[in-house]
Amino acid sequence: MEIDGGHDVDFARQTQSFLEWFRSLPGATFHQDIQLVDLRGNGAGRGIIATADIVPDTVLFTIPRPSILCAATSPLAAQLPSLFNQDEPGSDSDDENEDDDKSQDSWTLLILILIREYLDPNSQWKPYLSILPTTFDTPMFWSDSDLSQLQASSILPKIGRASAESMIRTRIIPTITSHPSAFYAPGVAPLPEDQLITLAHRCGSAIMAYAFDLESEPEPTPSDEEDEWIEDREGRTMLGMVPMADMLNADASFNAHINHGEDALTATALRPIKKGEEILNYYGPLGNGELLRRYGYVTANHARHDVVEVPWTLVEARLKGRFPGLTTEQWTSVNAYIKEHDEEEGEGDDSFVLERECEDPDAAGQLHGEATFAGLPEELSERVKVFLKGVKKVAGSEGDALADKSLRKEIYLDSVLGALQDREKQYATSLEEDERLVKPERPVERGEMALWVRVGEKRLLREAQSWVSRELESGRREASSKRERGEEDAPAAKRRRA
Ligand SMILES: C[S@@+](CC[C@H](N)C(=O)[O-])C[C@H]1O[C@@H](n2cnc3c(N)ncnc32)[C@H](O)[C@@H]1O
């Protein structure tokens with residue numbers, strides 16, 4: 001992330017003018033024992049620290065709702081009302097929905113709102129806009145060589161550079177060019193398209209890393225005379241840029257919280273905060289991959305929430321290897337059986353997410369206990385069940401053995417174990433090679449952040465493999481002691497008697 005005002009003097013001046021602007025907002029407060037500081041030395045931009053010990057429940061700052069940049073406060077709402085009175089795309093449409101103005105969601109709307117303010121030399125949010133970053137460290141802006149450091153990471157397919165570009169070209173640029181007077185003040189020359197696209201990308205990334213979900217104002221209740229309730233919009237959320245709340249950095253262990261009040265948002269201390277400590281918010285239980293994708297950084301505390309995806313095709317290939325005698329026609333029938341089941345049940349995941357079990361942070365924002373891998377996703381075992389049912393149906397005598405429950409479990413676990421090993425091999429380097437490169441300090445360089453993400457995924461894959469191996473081993477022991485005792489699973493025993 002790069003913030004305008006690279007020189008210390010400019011940086012400090014911009015911080016100061018933002019702070020003065022914020023304090024001048026009617027209803028805003030900023031506690032005397034906190035300070036907005038330069039944390040670029042730690043690769044963390046600006047942040048807020050305590051300048052004296054702070055007791056729990058202290059209100060750190062108050063943000064009056066009119067200062068939040070969102071659909072409720074943007075001048076665009078009055079200029080382009082059609083843009084703001086619409087359903088989310090995909091909801092029931094009326095006949096006007098074909099219009100460009102009718103295809104915005106809260107995300108694209110906030111991009112337009114932000115662009116409008118950036119283009120307005122007299123924007124009332126100017127001191128705030130000038131401290132928002134101009135460039136980002138999110139993988140969306142990485143070169144191919146930076147991205148290659150992520151190797152086979154699950155976040156690669158989610159970066160979405162192409163879809164962002166397409167959204168900007170189809171939904172942002174046409175709206176601006178067809179309503180120039182709403183976006184450009186009199187006398188301001190329209191931006192060339194390439195600059196507008198760059199600005200839209202910048203606004204999109206700022207929203208991703210800075211915007212908050214706000215509870216939108218309830219719609220007025222229809223009066224008694226009105227006999228039709230138009231739409232219940234109560235409880236819908238609206239995205240907004242919240243000055244000062246978004247100056248808080250964040251971690252999986254945190255000490256502050258933003259409360260959404262009717263007239264204002266307040267940041268409060270969740271526990272005692274020592275003088276010099278950074279005040280931290282919480283972005284949620286995100287793994288480092290997702291944290292990097294959305295916010296452009298990684299932390300040691302977020303590693304407990306790491307996830308890794310395993311494509312179904314890897315599990316399927318291993319499962320198929322267990323039935324070498326099946327013909328191509330039989331596999332076609334198995335696939336048709338699975339497809340039919342997926343259509344009936346509305347299922348059919350392409351990949352399965354592995355994650356650890358861990359406690360939520362407590363009410364004071366503190367973490368407790370270890371995060372441990374405690375089991376495979378339920379959907380994966382369900383899908384393997386369907387697969388084996390399909391095999392049993394078409395495989396004739398080769399499928400008979402599948403009546404044995406412990407054999408089915410063994411096939412399931414053994415195939416998943418193989419798939420996890422295959423998934424690990426998709427990365428260009430081994431976990432052992434990577435472990436030698438990892439430094440304990442939080443990385444700020446792209447290559448090192450990518451290293452943390454791929455190491456996190458590989459560690460999780462290893463933990464999952466250990467778990468599956470243990471399950472497999474105990475299943476095998478159980479089956480063999482059953483055999484020794486002359487016991488077998490009920491369906492197999494029945495068949496033998498027959
Ligand atoms: C809502 S902003 C917080 C304010 C930001 N530091 C600034 O200077 O504008 C979120 C961005 O701050 C940075 N950030 C937040 N928490 C961080 C942390 N714990 N360590 C490093 N950077 C962090 C990331 O660049 C993230 O995209």
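## A tour from leucine 461 outward

Start by selecting leucine 461: apart from its neighbours within four places in sequence, its contacts are Val308, Leu420, Arg423 and Glu424. Two residues are in contact here if their C-beta atoms, placed from the backbone, lie within 7 Å. The structure on screen is a predicted model, in which local features need pLDDT of at least 70, side-chain atom pairs count only at pLDDT 80 or more, and totals for chains, interfaces and linings use all residues. Residues are numbered from 1 along each chain as its sequence is written.

Stay on leucine 461 and colour by burial. Leucine 461 counts as buried because 21 other C-beta atoms lie within 10 Å. The cut-offs are 20 or more other C-beta atoms within 10 Å of a residue's own for buried, 12 or fewer for exposed, and partly exposed in between, with C-beta atoms placed from the backbone. Now add leucine 354, which is 107 residues away along the chain; the two C-alpha atoms are separated by 8.0 Å.

**The helix around it**

Leucine 461 sits in helix α17. Select residues 446-484 to show all 39 residues of α17, which spans 57 Å from its first C-alpha to its last, close to the 57 Å expected at 1.5 Å a residue. That expected span is 1.5 Å times one less than the number of residues. Helices (H or I, at least four residues) and strands (E, at least two) are DSSP runs, numbered from the N terminus. An α-helix has 3.6 residues a turn, so residues three or four places apart point the same way. After α17 comes glycine 486, with a positive phi near 80 degrees.

Next, pick lysine 405, in helix α15 (residues 405-425). Lysine 405 is partly exposed because it has 14 other C-beta atoms within 10 Å. Its C-alpha atom and that of alanine 479 are separated by 9.9 Å, with their positions 74 residues apart along the chain.

**The whole chain**

Zoom out. The protein chain holds 18 helices and 15 strands. Of its 498 residues, 31% count as buried. Among contacts between residues at least 6 apart in sequence, 74% join residues at least 24 apart.

Colour by domain: domain 1 covers 2-281 and domain 2 covers 306-497, with bounds that come from an automatic or database domain assignment. Where they meet, 17 residues of domain 1 are in contact with 20 residues of domain 2. On the domain 1 side, the touching residues are seven nonpolar, seven polar and three charged. In this scheme Ala, Val, Leu, Ile, Met, Phe, Trp, Tyr, Cys and Pro count as nonpolar, Asp, Glu, Lys and Arg as charged, and the others, Gly among them, as polar.

**The ligand**

Select the ligand and its shell of 18 residues, of which the closest are Ala44, Gly45, Arg46, Ala209 and Asn249. A residue is near a molecule if its C-beta atom, placed from the backbone, lies within 6 Å of it. Three elements each supply at least two shell residues: β4 (46-50), α9 (193-210) and β10 (249-250). The shell divides into nine nonpolar, six polar and three charged residues.

**Three loop positions**

Go to aspartate 57, in the loop between β4 and β5 (59-64). Its phi is positive, near 75 degrees, in a residue other than glycine. Aspartate 57 is exposed, with 9 other C-beta atoms within 10 Å.

Then select glutamine 151, in the loop between α6 (144-148) and α7 (161-178). Glutamine 151 is another residue other than glycine with a positive phi, here near 50 degrees. Glutamine 151 is partly exposed, with 18 other C-beta atoms within 10 Å.

Last of these is glycine 276, in the loop between β12 (264-269) and β13 (280-281). Glycine 276 counts as exposed because it has 10 C-beta neighbours inside 10 Å. Beyond four places in sequence, glycine 276 is in contact with Ile49 and Ala50.

**Confidence**

Finally, colour by pLDDT, the predictor's confidence in each residue, from 0 to 100. The chain has a mean pLDDT of 89, and 89% of its residues reach 70 or more. Select residues 218-235, where the pLDDT is below 50; this stretch has five contacts in the model beyond near neighbours in sequence. Residues 490-498 also stay under 50, and have five contacts beyond four places in sequence. Where pLDDT is low, the predicted coordinates should not be read in detail. For the complex, the predictor gives an ipTM of 1.00 and a pTM of 0.90.
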